[in-house]
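The following exercises concern the empty spaces, the bound ligand and the backbone geometry of one protein model. Each task is followed by a solution that proceeds step by step.

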Amino acid sequence: MDKKIPYKIYLEENEMPKCWYNVRADMKVKPAPLLNPATLKPATIDELSAVFCRELAEQELDNDTAYFEIPEEIRSFYKMYRPSPLVRAYCLEEKLGTPAHIYYKFEGNNTSGSHKLNSAIAQAYYAKKQGLTGVTTETGAGQWGTALSMACSYFDLKCDVFMVKVSYEQKPFRREVMRTYGANVTPSPSMETEVGKKINAEFPGTTGSLGCAISEAVEKAVTTPNTRYVLGSVLNQVLLHQSVIGLETQSALKKYGVKADVIIGCAGGGSNLGGLISPFVGEMLRGEANYDIIAVEPASCPSLTRGKYAYDFCDTGKVCPLAKMYTLGSSFIPSANHAGGLRYHGMSSIVSELYDQGLISARSVEQTDVFKAAETFARVEGILPAPESSHAIKVAIDEALKCKETGESKNIVFGLTGTGYFDLVGYKNYNDGNLKDYIPTDEELAKSLNQLPKV
Ligand SMILES: *Cc1c(COP(=O)(O)O)cnc(C)c1O
């Protein structure tokens, strides 16, 4: 079969997934359970339901159900911006002079500018269904906060966003999008929560981190009636919702008889990567196919490539359950690089376990190389990519150039998670030649790794 592959492979509306896929169901060794920090016993649904919506807590702990039906209300929201296109990067291939075939799944075609809306709308739906009046959350670069604001305005829920201070200052326009959708946005660490005050006292002048912002959002949720906390990455439930990315990719490739060889995604908390790869990893786990899967992370926040696989706190204030994951330590505060969405100290337990089992590999890349790749991509493919997504672009280009040397025409698929219109401070620094690469020393990493909880 050699059908001419169009620039954009679109699925029909009725080809959209009707279920999310839970890769844990096919894993023989399951990801380690979340632990209650007080008892060090596996967290129960009742305990998690104090912080999260009930149905989301159930999804979080379900290691066995392979398919969860996507509720009709969520499917009709998805239809506003899904199915998203799988694009054949003909122009990039030509520019690189590679025999490789490059495809990217583009998740930036909605106002939030990223894949995060896939889970935001699901989480807002379950909050509404439970009769809650509002949710709280953190946001790093601002994409999650924006996505959640959109989802909350759709379901008429109150939305409180704690935004990592460095992003709040770098991206004031993100805040305005969130406010336009009705959210209340606070720079973190703030003086509005007990944990925020404590962190400010301990690290004066800190530019914040996702870990701090999570602690603040959780505190706000548990001290506000009829409110729960929602999280945009890392959790099993988020990877479940994001599986819509991988399922669509799988269907689109099938439609043209294309077998992926290499699958690449950027990894912050692991949700887009986990969502993209889940159905393909499922095939690997069932012995149906093999793929070379690469997680790409920033050299400034290298949890997979330089972290430890251990139980750690998900947040700086140590209020969340403990998760076993590749981590740099919850007290690690990465340098203020421009891929805000990848500045998390830990990694999804599912992605961590797949990595530990050797089913996927990981690479770290420096931000000047990332922006160089973003520039190359933008100039030929027309899309201004998010710096986070550009980590995947960088490795996709590297892999395509390897094919140029070997003459192999591999099929390279990567996740283009979003657009970079709010990242122009980063692009400005790159264009001005002022971008710095910051790689933490072993001593710096040891400092936070030595504080891992003893479990
Ligand atoms: C948040 C974000 C990421 C990283 O988050 P994951 O949970 O690792 O997917 C990547 N790309 C974009 C555009 C983002 O907004």
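**Exercise 1. Describe the largest cavity of this predicted model: which residues line it, and which lie nearest its centre?**

Step 1. The lining of the largest cavity consists of 31 residues, and those nearest the centre are K116, S233, G269, G341 and L342.

Step 2. The volume of the largest cavity is about 320 Å³. The count of cavities of 30 Å³ or more is seven.

Step 3. Next, assign the lining to secondary structure. At least two residues come from each of β6 (134-139), α6 (143-155), α10 (210-222), α12 and α16.

Step 4. Sorted by class, the lining of the largest cavity comprises 18 polar, 10 nonpolar and three charged residues.

**Exercise 2. Locate the ligand and characterise its surroundings. Which space does the ligand take?**

Step 1. The ligand occupies the largest cavity, the one with a volume of about 320 Å³.

Step 2. Around the ligand there are 19 residues, of which K116, S233, S271, N272 and T417 come nearest. K116 and S233 are also among the residues nearest the centre of the largest cavity.

Step 3. The shell around the ligand receives at least two residues from each of α12 (271-285) and α16 (387-406). Both helices likewise contribute at least two residues each to the lining of the largest cavity.

Step 4. The class count for the shell is 13 polar, four nonpolar and two charged residues.

Step 5. Now examine individual atom pairs. For S271, a polar side-chain atom lies 2.7 Å from an oxygen atom of the ligand. For H115, the corresponding distance from a polar side-chain atom to a ligand oxygen atom is 3.2 Å. For Q143, an N or O atom of the side chain is 3.4 Å from an oxygen atom of the ligand. With a cut-off of 3.5 Å between N or O atoms, these pairs count as polar contacts.

Step 6. Finally, consider the cover of the ligand. On its own the ligand has 380 Å² of accessible area, and the protein covers 98% of this.

**Exercise 3. Compare the composition of the two largest pockets. How many residues of each class line them?**

Step 1. The largest pocket has a volume of about 480 Å³. Its lining holds 21 residues, and F203, S331, F332, I333 and Q451 lie nearest the centre.

Step 2. α9 (194-202) and α18 (442-449) each give at least two residues to the lining of the largest pocket. The greatest contribution is that of α9, with four residues.

Step 3. The lining of the largest pocket divides into eight nonpolar, eight polar and five charged residues.

Step 4. The second largest pocket contains about 220 Å³ of space. It is lined by 19 residues, with A32, P33, L34, E60 and N236 closest to its centre. Two or more residues of this lining come from each of α2 (54-61) and β13 (322-327).

Step 5. In the second largest pocket, the classes are 13 nonpolar, four polar and two charged residues. The two class counts can now be set side by side: eight nonpolar residues in the largest pocket, against 13 in the second largest pocket.

**Exercise 4. Identify the notable backbone geometry. Where are P83, P189 and L40 placed?**

Step 1. Begin with the peptide bond between R82 and P83, which is cis with omega of about -10°. P83 belongs to the loop between α3 (72-78) and β4 (86-88).

Step 2. A cis peptide bond also joins S188 to P189, where omega is near 5°. P189 is placed in the loop between β8 (184-188) and α9; α9 is the helix that gives the most to the lining of the largest pocket.

Step 3. Turn to phi. L40 is not a glycine, yet its phi is positive, at about 60°. L40 is situated in the loop between β2 (19-21) and α1 (45-49).

Terms used:
Residues are numbered from 1 along each chain as its sequence is written. This is a predicted model: local features need pLDDT of at least 70, side-chain atom pairs count only at pLDDT 80 or more; totals for chains, interfaces and linings use all residues. Side-chain values use heavy atoms; hydrogens and water are left out. On a 1 Å grid over the protein atoms alone, a cavity is a set of points where a 1.4 Å probe fits but cannot get out, and a pocket is an open set with protein on both sides within 12 Å along at least five of seven lines; lining residues have an atom within 4 Å of a point. Grid points are joined across faces, edges and corners, and a volume is the space filled by probe spheres set on the points. Ala, Val, Leu, Ile, Met, Phe, Trp, Tyr, Cys and Pro count as nonpolar, Asp, Glu, Lys and Arg as charged, and the others, Gly among them, as polar. A residue is near a molecule or strand if one of its heavy atoms lies within 4 Å of it. A polar contact is a pair of N or O atoms within 3.5 Å; within protein, one must be able to donate a hydrogen and the other to accept it, and residues adjacent in sequence count only if both atoms are side-chain atoms. Accessible areas come from the Shrake-Rupley method with a 1.4 Å probe; for residues, only the protein chains shown count as cover. A molecule sits in a cavity or pocket if more than half of its atoms lie within 2 Å of its grid points.
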